[in-house]
Amino acid sequence: MRFVFTASGKVHDLKATAALRWSAGWTYLFDRGYFSFDLLSVLLNAGAHFVIRLKQGVEYRIIRSNPIPNVKAPAGIRAIKSDLTVSLPGWASDVILRLVVYQLTDGKIIRVLTSRHDLSALSIAMLYKERWSIEKWWRWLKRVYKVKEPLGESENALPLQIVAALASLLWGRCSSSHI
């Protein structure tokens with residue numbers, strides 16, 4: 001597992017992504033605030049994939065509509081509404097993407113754009129849905145362990161920081177119970 005912090009909060013995360021190295025074959029999950037032709041081009045050029053929520057008002061051209069298999073949707077997803085192969089005007093015409101539209105059980109419609117043509121529409125929807133589980137985990141981690149920003153940039157920096165925070169938390173609880 002690799003942890004990535006993009007910025008401390010003083011720099012917009014999208015700008016901070018310019019300093020990151022993207023791994024070929026990985027699939028990166030983004031919310032719509034990261035939608036940028038520049039970022040997505042860098043990912044594709046690195047051989048990486050993406051699943052990103054599409055901003056309102058982004059135009060696309062439908063190349064074809066893909067069939068939606070009749071499968072049971074998992075908890076939280078009511079139905080896959082459409083699975084389209086699309087291109088985006090203003091971007092290289094040879095970049096062919098997928099737009100998966102699905103509905104949550106509360107009725108909300110989610111539109112995600114991806115470079116993954118090898119996965120089912122349901123798998124794409126589930127990947128994006130899981131992004132929120134990761135967000136909730138980060139929020140919990142930052143609150144419980146008081147992690148505001150990483151203390152180092154190596155692959156081991158964040159795990160070591162978390163272990164140190166846990167040890168400090170436990171030490172504080174053990175010390176206060178002996179008073």
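Which residues does Phe-50 touch, not counting residues up to four places away in sequence? The legends below take up this question and then visit other parts of the chain. Please keep in mind that this is a predicted model.

**Figure 1. Phe-50 and its contacts in the predicted model.** Here is the answer to the opening question: Phe-50 touches Thr-27, Tyr-28, Phe-30, Leu-40, Leu-43, Leu-44, Leu-97, Leu-113, Thr-114 and Ser-115, with residues up to four places away in sequence left out of the list. Phe-50 also belongs to the largest nonpolar core, which has 22 residues. Within this core, the residues that touch the most other members are Phe-30, Phe-35, Leu-43, Phe-50, Ile-52, Leu-97 and Leu-113. Several elements give two or more residues to the core: strand 1 (27-30), helix 2 (37-45), strand 2 (49-53), strand 4 (77-87) and strand 5 (97-104). Another core, of 13 residues, lies apart from this one, and among its members are Val-100, Tyr-102, Ala-121 and Ile-124.

**Figure 2. The whole protein chain, to help you find your way.** Before the next close-ups, take a look at the overall layout. The protein chain has four helices and six strands. Read from the N terminus, the order of the elements is α-β-α-β-β-β-β-β-α-α. Of the 179 residues in the chain, 35% are buried. The accessible surface of the chain is about 11300 Å², and carbon and sulfur atoms account for 56% of that surface. Among contacts in the chain with a separation of 6 or more, 45% join residues that are 24 or more positions apart.

**Figure 3. Aromatic rings that gather into a cluster.** In total there are six aromatic pairs. Let us begin with Trp-26 and Tyr-28: their ring centres are 6.0 Å apart and their planes meet at 25°, so this pair is stacked. How buried or exposed are the two partners? Trp-26 counts as partly exposed because its relative accessibility is 37%, whereas Tyr-28 has 12% and therefore counts as buried. Phe-30 and Tyr-34 make a tilted aromatic pair, with 5.3 Å from centre to centre and 40° between the planes. Phe-30 has a relative accessible area of 6%, so Phe-30 is buried. Tyr-34 is buried too, with a relative accessible area of 15%. Ring pairs join Trp-22, Trp-26, Tyr-28, Phe-30 and Tyr-34 into a cluster. You have met Phe-30 before, as one of the residues that touch the most other members of the largest nonpolar core.

**Figure 4. A salt bridge between Arg-98 and Asp-83.** How many salt bridges does the structure hold? There are two salt bridges, and this view shows the one between Arg-98 and Asp-83. The closest N and O atoms of this pair are 2.8 Å apart. Arg-98 sits in strand 5 and Asp-83 in strand 4, 15 residues apart, and the pair links distant parts of the chain. Both residues, Arg-98 and Asp-83, are buried.

**Figure 5. Arg-116 and its partners.** Where is Arg-116 found? Arg-116 is in the loop between strand 6 (109-114) and helix 3 (121-145). The relative accessible area of Arg-116 is 13%, and because buried means under 20%, Arg-116 counts as buried. Its side chain meets that of Asp-118 in a salt bridge, at 2.7 Å from N to O. Asp-118 has 55% relative accessibility, so Asp-118 counts as exposed. The side chain of Arg-116 also makes a polar contact with the side chain of Thr-27, at 2.6 Å. Leaving out residues up to four places away in sequence, Arg-116 touches Thr-27, His-49, Arg-98 and Ile-124. Two of these names may ring a bell: Arg-98 takes part in the salt bridge with Asp-83, and Thr-27 is among the residues that Phe-50 touches.

**Figure 6. Ile-109 in strand 6.** The last view turns to Ile-109, which lies in strand 6. Ile-109 counts as partly exposed because its relative accessibility is 41%. With its neighbours within four places in sequence set aside, Ile-109 is in contact with Arg-53, Lys-81, Val-101, Tyr-102 and Gln-103. One of these contacts, Tyr-102, is a member of the core of 13 residues. Ile-109 and Ile-80 are 29 residues apart in sequence, and their C-alpha atoms are 9.6 Å apart in space.

Conventions. Residues numbered from 1 in each chain as written. Predicted model: local features only at pLDDT ≥ 70, side-chain atom pairs only at ≥ 80, totals over all residues. Heavy atoms only, no water. Buried < 20%, exposed > 50% of the residue type's maximum accessible area, 1.4 Å probe, protein only. Contact = heavy atoms within 4.5 Å. Areas by Shrake-Rupley, 256 points an atom, 1.4 Å probe, with all protein chains shown as cover. Polar contact = N/O pair within 3.5 Å; in protein donor to acceptor, adjacent residues only side chain to side chain. Phe/Tyr/Trp six-rings, centres within 6.5 Å; stacked < 30°, edge-to-face > 60°. Core = buried A, V, L, I, M, F, W, Y, C linked by side-chain atoms within 4.5 Å. Salt bridge = Lys/Arg side-chain N within 4 Å of Asp/Glu carboxyl O.
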